[in-house]
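Please open the structure in a viewer and keep the selection panel at hand. The tour below proceeds stop by stop, stating what to select and what is found there.

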Amino acid sequence: MTENYMLSEARPEPRRRIETNIVLEAKGITKQFPGVLANDKVNFDLRKGEIHALLGENGAGKSTLMNLIYGLHRPDKGDVIVNGKTAAIHSPNDSISLGIGMVHQHFMLIPVFTVAENVMLGDETIKRGALDRNTVAAKINEISKQYGLDADPNALVGDLPVGLQQRVEIVKTLYRNAEIVILDEPTAVLTPQEAEDLFRIMRDLTARGVSIIFITHKLKEALAIADRITVMRAGRVINTVLPSETDSAQLANMMVGRQVILTVDKKDHEAKEAVLKVENLSVRDQRDLETVHHVSFFVRGGEVLGIAGVQGNGQTELSEALTGLRHPTGGKVFISGHDVTGKPPRVMTETGLAHIPEDRQRHGLVMSYSVADNMALCDYYHPPFSKRGVIQPKALDENARRLISAFDVRTPSPFVNAGKLSGGNQQKVIVARELSRSVKLVIANQPTRGLDVGSIEYIHSVIVKMRDNGAAVLLVSAELDEIMALSDRIAVMYRGQIVAMVETKKSTREQLGLWMAGAHVETA
Amino acid sequence: MDWRRFGVIALVIAILFGVVVLIGKNQTPPMVIITSMLATTIAVATPLTLGALSGIYCERAGVVNIGIEGMMLAAAFFGWLASIYMNSIFGFAPMPSLIVGVIAAVLSGALFALLHAALSITFKVDQIIGGTVINILAIGITGFLNRQLFFEEGSIFGGNVPHAPGILPSIRVPLLADVPTFGRMFDQQPITIAAIALVFITHYVLFYTRWGLRTRAVGEHPRAADTVGINVARMRYANVIIGGCMAGLGGAYFTLQSVPSFEPLMTNGRGFISLAAMIFGNWTPIGAWAASLVFGTAQAMQINLQFFRELILPEWAFLKNSYIVGLAPYILTMLILTGIIGKTTPPAADGVPYEK
Ligand SMILES: Nc1ncnc2c1ncn2[C@@H]1O[C@H](COP(=O)(O)OP(=O)(O)O)[C@@H](O)[C@H]1O
Ligand SMILES: [Mg+2]
């Protein structure tokens, strides 16, 4: 079994031969979750040594299909066939012993364990009753060298950057001699350059006979690396195509079921004076580590400033500090000339801030409150919502009906709990509440994460409208495409600092990607 | 290793020892006082140490257990009851009766733990509520049976408490116990010796074995453990039950090692103090033991000061009120829990039921 990664040092062959024997097949897989048919008679197959991309929007059912194959959930109907035999997969133990490995969308690593401990967990090497850390470390070093994975067995996983954590996940599958590797949205947390590195590793793996299922919602990536592409939409497989016989437009069409506008219409902006001014701001996170270091910038009325950066480079703490959710440890924040440093959210709101928070279910809505109550969360204490300290249900109701129709919120009634709505409609409730007031500054953090295309387009158009009406907009997003489509200027955040600030017109994807990877810091 | 934490522990112990030595030094040589204090400290820290180990097994696996107090109380009662049955009804000699008593105590701890495991792992009841249920249940059952069996007309023991088979004899550690003065520390009763051994065994199990790695994994990130084929529920059940055995042994201390009798509510908050010791020790066995010794010292101070009552200087007269000194462990608990010792980090999934 161990020969798999103890093969000679031979370089991978320059041209891959795709063998046509099928190593894994899913037949008629159906899975119903409460209220969602997540997989509907799905058929899918994987050939030896190929990279098969599974493409689909958020919520299309890609992860569900993989969790079923991996044994984390059981399908309601359908079979999984591995190497020609129908496999009884009841738990990950079964799939692991069939040679299936999976790198999950959210990493399955324990931050307080070392790399070696994480890798061996569940498949420990024991010597005289105790964990044999040395043997495991040697094995990891060997795998790591063979595929250029660069994983130090003794490092604590929590100290590693995400890119390296992902490699630990890959080592985990190879350590178990996986011949089929599932990568669930592996590029979501990577810079474009790190993604290139991952693609190289994937090619190395296939050259050695490993077969890969590569899940993504990014068309370009699927086209760049896959041997075949299968598109899923709303729980169903739409089609399987060869990259050479398709293009982005056709794939996009299959993904969303209609022609999509990939660009945002917007007029040239007329920037006015600065509305948000940030001077030398420093912020610490809950572990008391300084994650924002002496950041200074401004946003003018009538412009969108986009903050680009790989997740976890201080964007969360920065926007929390700007919206009153976190005390900065140094520096100043001004809104329209008022010093609001460290002021509570209510003061910020009353100074003219609208906040579309990153975690809409925790910070944007009270999930167990009705849509109407949620829509009044910013000014329930003022007339007409409140008179002499008593809430006026009629005013809440009228307000809600007006906003529901103005912002096209799909809800059975204003009295439904916000938690019952779909993600896109939850976000519209927040947007309606925040942007229906008279605001001078909009801070939107990941405003379209996890939404369907229709909602994304709608939210984008509202953001552009706010800007055209003269508000200053600070947009934080991990999607570089979104930043480039909406922003007038772009700031790149890397390790808690703004490492670059450019006009969108004068920037390129490649250059931004380099900055996001900290290129200037290393060359300086 | 967290040296600051151990520094604080050593300092508190040194201060408490210092007070007793200062008061008693004119009557008894300091070395003798210190050794006697050490011996008492180690002994009275026993139930705290075992309670803390109980908490460590449960919480390292991700189940919060505030029912340790109840588990100890129930174990104290049932262990004692078993030893009396063996001795006075079945006519066994004291020693085998006591051993059966200890086994019964451990098993009753395990049984209550099984209940807690079922509530929190299978039925996903809030774990604080589950623990509270255990505590109330233990008080109720032991109080009720104690009355029914011993004090009711026509009950099995006919209205009077029979003679208990005594307490577990101490064991002299060969050679070490013969050292002059300090030898006294190595002349301890069996549950105390077992507790210390279990501290080191638990340390080894948690950090050097497959069992420990998997236990910590289900307490930190159960889903990650699940994805590599570890049965989360089974690991949690097993560890909660092992934790129950520890609490059970701790309960046996009260009625089979310390005094040969049972009183309602006799655990007197020790289960809760042991949780404080577990937190203070940052969920590590050796740290928790050190913390248990701090609480033990406070109690040892109270015991030792009784010998020197007349020597207490007028300006320290408040120390003569034994209840003031008796409060020390509880005050220490509160101070320690306010976090003066710096931040502790519980297992990430502590108290969170695992949903697939
Ligand atoms: N454990 C679960 N319980 C209930 N619904 C789920 C669960 N997992 C996924 N879903 C739902 O199934 C659908 C498909 O989700 P998923 O497979 O994660 O999509 P994708 O990976 O393509 O983004 C979504 O509507 C999601 O909300
Ligand atoms: Mg997914």
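**Stop 1: the end of a helix in chain B**

Begin by selecting Asn282(B), which follows helix H11(B) and has a positive phi, near 55°. The model on display is a predicted one. Now extend the selection backwards to H11 itself, residues 270–280 of chain B. How many of the eleven residues of this helix are buried? Nine of them are, so the helix is largely enclosed by the rest of the structure. The buried residues are Arg270(B), Gly271(B), Ile273(B), Ser274(B), Leu275(B), Ala276(B), Ala277(B), Met278(B) and Phe280(B).

**Stop 2: a serine in helix H3 of chain B**

Remain in chain B and select Ser54(B), located in helix H3, which spans residues 46–60. Is Ser54(B) buried or exposed? Its relative accessible area is 0%, and Ser54(B) is therefore classed as buried. Display its side chain next: a polar atom there lies 2.8 Å from the backbone oxygen of Gly243(B). To see the surroundings, select the residues in contact with Ser54(B), leaving aside neighbours within four places in sequence: Asn65(B), Ile68(B), Gly243(B), Gly244(B), Met246(B) and Ala247(B). Gly243(B) thus appears both as the partner of the polar side-chain atom and in the list of contacts.

**Stop 3: a loop residue with positive phi in chain B**

Select Lys124(B), in the loop between helix H5 (94–122) and helix H6 (127–150) of chain B. Although Lys124(B) is not a glycine, its phi is positive, about 55°. With a relative accessibility of 33%, Lys124(B) counts as partly exposed.

**Stop 4: a loop residue with positive phi in chain A**

Move to chain A and select Glu185(A), in the loop between strand S9 (180–184) and helix H7 (192–207). Glu185(A) is not a glycine either, yet it has a positive phi of about 45°. Its relative accessible area is 8%, and Glu185(A) is buried.

**Stop 5: the shell around ligand 1**

Select ligand 1 together with the residues around it: Phe33(A), Val36(A), Ala38(A), Glu57(A), Asn58(A), Gly59(A), Ala60(A), Gly61(A), Lys62(A), Ser63(A) and Thr64(A). Coloured by character, these residues divide into four nonpolar, five polar and two charged.

Now look at individual atom pairs. A polar side-chain atom of Thr64(A) is 2.5 Å from an oxygen atom of ligand 1, and a polar side-chain atom of Ser63(A) is 2.7 Å from an oxygen atom of the ligand. In the case of Ala60(A), a polar backbone atom lies 3.2 Å from a ligand oxygen. On its own, ligand 1 has 560 Å² of accessible area, of which the protein covers 65%. Strand S2 (36–47) and helix H2 of chain A are the elements that give two or more residues to this shell. Which element supplies the largest share? It is H2(A), with three residues.

**Stop 6: the magnesium ion**

Select ligand 2, the magnesium ion, whose protein donors are Ser63(A), through OG, and Gln105(A), through OE1, at 2.1 to 2.3 Å. Ser63(A) belongs to helix H2 (residues 62–70), whereas Gln105(A) is in the loop between strand S6 (100–103) and helix H4 (115–120), so the pair ties together parts of chain A that are 42 residues apart in sequence. Gln105(A) is partly exposed, at 30% relative accessibility. Ser63(A) therefore figures at two successive stops, as a magnesium donor and as one of the residues around ligand 1.

**Stop 7: further points along chain A**

Select Ser144(A), in helix H5 (residues 133–146). At 7% relative accessibility, Ser144(A) counts as buried. Beyond four places in sequence, Ser144(A) touches Leu149(A), Asp150(A) and Ala151(A).

Continue to Pro383(A) and Pro384(A), which are joined by a cis peptide bond with omega of about 5°. Pro384(A) lies in the loop between helix H13 (371–375) and strand S19 (386–387).

Finish at Glu503(A), in strand S24 (residues 497–503). Glu503(A) is partly exposed, with a relative accessible area of 35%. Its C-alpha atom is 6.2 Å from that of Ile490(A), 13 residues away along the chain. Not counting residues up to four places away in sequence, Glu503(A) touches Asp488(A) and Arg489(A).

Methods. Residues numbered from 1 in each chain as written. Chains lettered and ligands numbered in written order. Predicted model: local features only at pLDDT ≥ 70, side-chain atom pairs only at ≥ 80, totals over all residues. Heavy atoms only, no water. Donors = N, O, S within 2.8 Å, 3.2 Å for Na, K, Ca; no water. Helix = DSSP H or I, 4+ residues; strand = E, 2+ residues; numbered from the N terminus. Buried < 20%, exposed > 50% of the residue type's maximum accessible area, 1.4 Å probe, protein only. Near = heavy atom within 4 Å. Polar contact = N/O pair within 3.5 Å; in protein donor to acceptor, adjacent residues only side chain to side chain. Areas by Shrake-Rupley, 256 points an atom, 1.4 Å probe, with all protein chains shown as cover. Nonpolar A, V, L, I, M, F, W, Y, C, P; charged D, E, K, R; others polar. Contact = heavy atoms within 4.5 Å.
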